[in-house]
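Dear colleague,

I am handing over the structure below, and after it you will find what came out of looking through it. Please read the notes with the coordinates open beside them.

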Amino acid sequence: MNSLRLSKSKLNGTVKVPPSKSMSHRAIICAALGRGTSTIENIDYSDDINATIDAMVALGAVINKERDKVIISGIYREDAVKNAVRYIDCNESGSTLRFIIPISLLFDGMTKFIGKGNLGKRPLDTYFDIFKEQGIKYNNVENELNMIVKGMLKPGEFSLPGNISSQFITGLLFSLPLLDGDSKINISTNIESKGYIDLTLDCMKDFGIEIENRDYKEFIIRGNQKYISRNYRVEGDYSQAAFYLAADALGSDVAITDLKKNSLQGDKEVIDILERMGAKFIVDKNNIKCNVEDKLVSNVIDASQCPDIIPVISLVAALAKGRTEIINAGRLRIKECDRLKAVATELNKLGAKIVEKEDGLIIDGVDELQGGVEVWSWKDHRIAMTLAIASTRCINPIELTDYDCIAKSYPGFFEDFKMLGGNIDEWGMGQ
């Protein structure tokens with residue numbers, strides 16, 4: 001078990017956040033579904049992104065990885081080799097799994113999906129229902145990812161509830177335009193995570209695919225379309241920037257570069273949430289940071305559109321004045337870990353006052369965190385990074401175990417944290 005000793009510090013300086021993981025997945029997939037060669041710039045080789053790259057290679061793309069870019073020759077090029085049997089290791093990436101399942105059904109043959117961690121516990125019933133309707137064969141092992149699918153996806157009308165992961169909708173949106181016939185996706189309830197759907201549609205449009213979005217209730221998809229190869233640069237990631245913006249709100253002074261001001265990322269909501277809690281944002285050229293002139297104040301925070309930033313926002317709320325309520329957060333229980341339980345358990349160890357609800361948290365603010373204890377990442381990258389930011393406001397040092405899970409999304413996090421003045425004991429980094 002790897003551990004890291006973190007002491008109170010004030011982060012200061014400028015940091016370039018990693019490229020958006022959400023947009024990286026989408027750009028790699030769109031390029032890989034093309035007929036020519038694309039270059040995707042500003043790529044960070046996190047575990048999740050490597051899983052998607054390997055998946056598209058398994059389906060027939062040729063992808064060359066350079067320092068911070070990938071060169072992709074698409075699956076539909078004339079000389080592409082289509083294997084009759086494909087093996088796709090999704091590691092712990094829910095995006096890879098749910099995006100690629102319908103894409104794999106564009107090609108004849110069999111695909112086996114494997115993964116690890118909690119990935120096998122994430123529901124796939126939405127796809128299973130489609131498989132049954134279309135006669136697609138599959139078998140799956142309950143509570144672990146070991147699934148085989150065989151068959152061809154057919155165009156038609158698809159009905160999905162809106163309160164499921166948007167990853168299912170995105171997977172179908174990627175695939176249906178390539179079928180020999182028109183399709184339609186009906187959304188039966190109010191849709192959650194609209195921002196992720198916007199990212200998908202925006203990226204697909206950049207690669208030449210047109211989809212009609214009728215107020216997120218219907219998606220009209222013309223068949224026989226083609227992805228057009230192109231060069232593309234991935235924008236900075238607001239979900240990673242949220243950690244440094246939260247640190248600023250708690251007293252640090254970090255400027256963040258490479259964030260797109262008019263981004264469609266749902267996690268850009270972090271700015272609105274922190275503003276409601278009393279933070280003021282300063283934008284200078286390409287840099288953004290926030291500060292707090294007075295005490296942070298409590299708020300009601302709806303997690304439905306921005307679940308990934310809730311762990312670090314809960315930390316900010318734990319040090320705000322009054323009672324904050326996190327609502328509509330039930331899906332956090334089926335991420336890499338049960339994030340509601342993890343946040344409550346670990347921040348309470350540090351001296352926070354957090355109570356779990358079935359689909360949210362009740363957080364009563366305290367003036368300071370005590371620290372002086374061992375905390376666990378739950379092998380979840382966002383919990384590990386949240387606890388690192390928490391150390392900047394702990395009176396006593398903390399020991400963070402299983403910190404290397406950050407490789408899932410932000411492999412260089414602790415290098416950046418130290419560069420900004422984070423107080424890390426070197427012995428804890430396994431050097």
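In this predicted model, four strands form an open sheet, in which the order runs E10-E11-E13-E12 and the pairing is mixed. The edges of the sheet are taken by strand E10 (157-160) and strand E12 (211-214), each of which pairs on one side only. On average, and with direction ignored, neighbouring strands of this sheet are turned by 15° against each other.

Within the sheet, strand E11 (residues 183-187) pairs with strand E13 (residues 218-221) in the antiparallel sense, and four bridges connect them. Should you wish to check the register, Lys184 has Ile220 of E13 as its bridge partner.

The other item concerns two helices. Helix H9 (residues 310-318) and helix H11 (residues 381-391) have axes that come within 8 Å and cross at roughly 25°. Because angles under 35 degrees count as roughly parallel, H9 is roughly parallel to H11. The crossing in which H9 passes H11 is right-handed.

On the side of H9, the contact is made by Pro311, Val312 and Leu315, while H11 contributes Arg382, Ile383, Thr386, Ile389 and Ala390. Sorted by character, the residues of this contact between H9 and H11 comprise six nonpolar, one polar and one charged. The charged one is Arg382 and the polar one is Thr386, both of them on H11.

With best regards

Technical notes: Residues numbered from 1 in each chain as written. Predicted model: local features only at pLDDT ≥ 70, side-chain atom pairs only at ≥ 80, totals over all residues. Heavy atoms only, no water. Axes fitted to C-alpha atoms, helices over the stretch in contact; angles between N-to-C directions. Parallel < 35°, antiparallel > 145°, perpendicular 65-115°, else oblique. Left-handed = near helix turned anticlockwise from the far one by under 90°. Contact = heavy atoms within 4.5 Å. Pairing = 2+ DSSP bridges.
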